[in-house]
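Got your viewer open? Here's a short walk through the model, one selection after another.

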Amino acid sequence: MSTRTRIAFLKGHGTENDFVIVPDPENTLDLPPAAVAALCDRRAGIGGDGLLHVVRSAAHPEARDMAAEAEWFMDYRNGDGSIAEMCGNGVRVFARYLQRAGHATEGDLTVATRGGVKTVHIAKDGAVTVGMGRARLPEGDVTVSVGERSWPARNVNMGNPHAVAFVEDLAHAGSLSSPPPFSPASAYPDGVNVEFVVDRGPGHVALRVHERGAGETRSCGTGACAVAVAAARRDGVDPAVTGTPATYTVDVPGGTLVITERPDGEIEMTGPAVIVAEGEIEADWLETFTS
């Protein structure tokens, strides 16, 4: 831990996918899973779907090799304290924090993540666009279930794993408080984010999502990207074949994201990012979760 008695934090959200933001440029804080889970606890902590640990890439062992491309590393943690490869909504909020702190301005910047270096554009109207990389579509049939219902799902990897199931009614997803069962188990050895999707109109879908390590969340950026790709393929659209970008509007419980897959396979996600508060964490309290 640190000798500091108080530790700065901010709170932000992207389409109501909310995060505790902990600036720590030189990577001096000890944030084990128990401490992260305590901070993300909605009753006994600050509350959030996850935590954005803001560190200079050069100061973090997992990001040093990306420091030449991106000054800042998003050390992202799920709400239960586990480590995640990427969080699309989190990258947008991370970029908004960098802008607020004077580390970035309107225009383009890069952010290092465990899923690689991501390109970000902060627009004048406040929207943030993130280059989410390419989707991988592993072969093999996957099934997800809720109660007695089951559906075929599309296996989509956005740097983290997703199972996308098209359903008739989002209520069929149930409470999503616990991970929906899937098969075969070998498809997702480390667990999976599960999206349940309905159609709203041409190029327009809506989802509910169980995020691995967080439960049901108000939004999932990588999930929205996975859903857009799965919907495009279901609709017989592949930009790599047509040479034309494919854009889907994806409604999430917390708002709306716009996802575009380009002919080169790169996927761009555009949506809001809001900082709502800032304050201080009592270091003595946090230290009780670090031993």
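**Stop one: the largest pocket**

The largest pocket holds about 150 Å³ of space. Keep in mind as you look around that this is a predicted model. To bring up the pocket lining, select Leu-137, Pro-138, Glu-139, Gly-140, Asp-141 and Val-142, then add Pro-152, Ala-153, Arg-154 and Asn-155. Color that selection by residue type and you'll get five nonpolar, two polar and three charged residues. Which strand gives the largest share of the lining? That's strand E9, residues 149–157, with four residues.

**Stop two: Arg-154**

Stay with the lining and pick out Arg-154, which sits in strand E9. Arg-154 counts as partly exposed because its relative accessibility is 34%. Now add Ala-226 to the view: 72 residues separate it from Arg-154 in sequence, yet their C-alpha atoms are 8.9 Å apart in space.

**Stop three: Glu-195**

Next, jump to strand E12, residues 193–201, and click on Glu-195. Is this residue buried or exposed? Glu-195 is buried, and it has no salt bridge. Draw a distance to Arg-212, the nearest side chain of opposite charge, and you'll find it 9.9 Å away. For a partner to the Glu-195 side chain, show His-162: a polar contact of 2.8 Å links the two side chains.

**Stop four: backbone oddities**

Time to switch from side chains to the backbone. Most peptide bonds are trans, and most residues other than glycine have a negative phi. With that in mind, here are three places to check.

- Go to Ser-183 and Pro-184, where the peptide bond between them is cis, with omega at about -5°. Pro-184 itself is in the loop that runs between strand E11 (182–183) and E12.
- Select Glu-16, which isn't a glycine but has a positive phi of about 65°. You'll find Glu-16 in the loop between strand E1 (6–14) and strand E2 (17–23). Its relative accessibility is 36%, so Glu-16 counts as partly exposed.
- Finish at Asn-27, another residue other than glycine with a positive phi, here near 60°. The loop between E2 and helix H1 (33–40) is where Asn-27 is found. Asn-27 has a relative accessible area of 24%, so it is partly exposed.

Methods: Residues numbered from 1 in each chain as written. Predicted model: local features only at pLDDT ≥ 70, side-chain atom pairs only at ≥ 80, totals over all residues. Heavy atoms only, no water. 1 Å grid on protein atoms, 1.4 Å probe; cavity = no way out; pocket = protein on both sides within 12 Å on 5 of 7 lines; lining within 4 Å. Points joined across faces, edges and corners; volume = space filled by probe spheres on them. Helix = DSSP H or I, 4+ residues; strand = E, 2+ residues; numbered from the N terminus. Nonpolar A, V, L, I, M, F, W, Y, C, P; charged D, E, K, R; others polar. Buried < 20%, exposed > 50% of the residue type's maximum accessible area, 1.4 Å probe, protein only. Lys, Arg positive; Asp, Glu negative; His and termini not counted. Salt bridge = Lys/Arg side-chain N within 4 Å of Asp/Glu carboxyl O. Polar contact = N/O pair within 3.5 Å; in protein donor to acceptor, adjacent residues only side chain to side chain.
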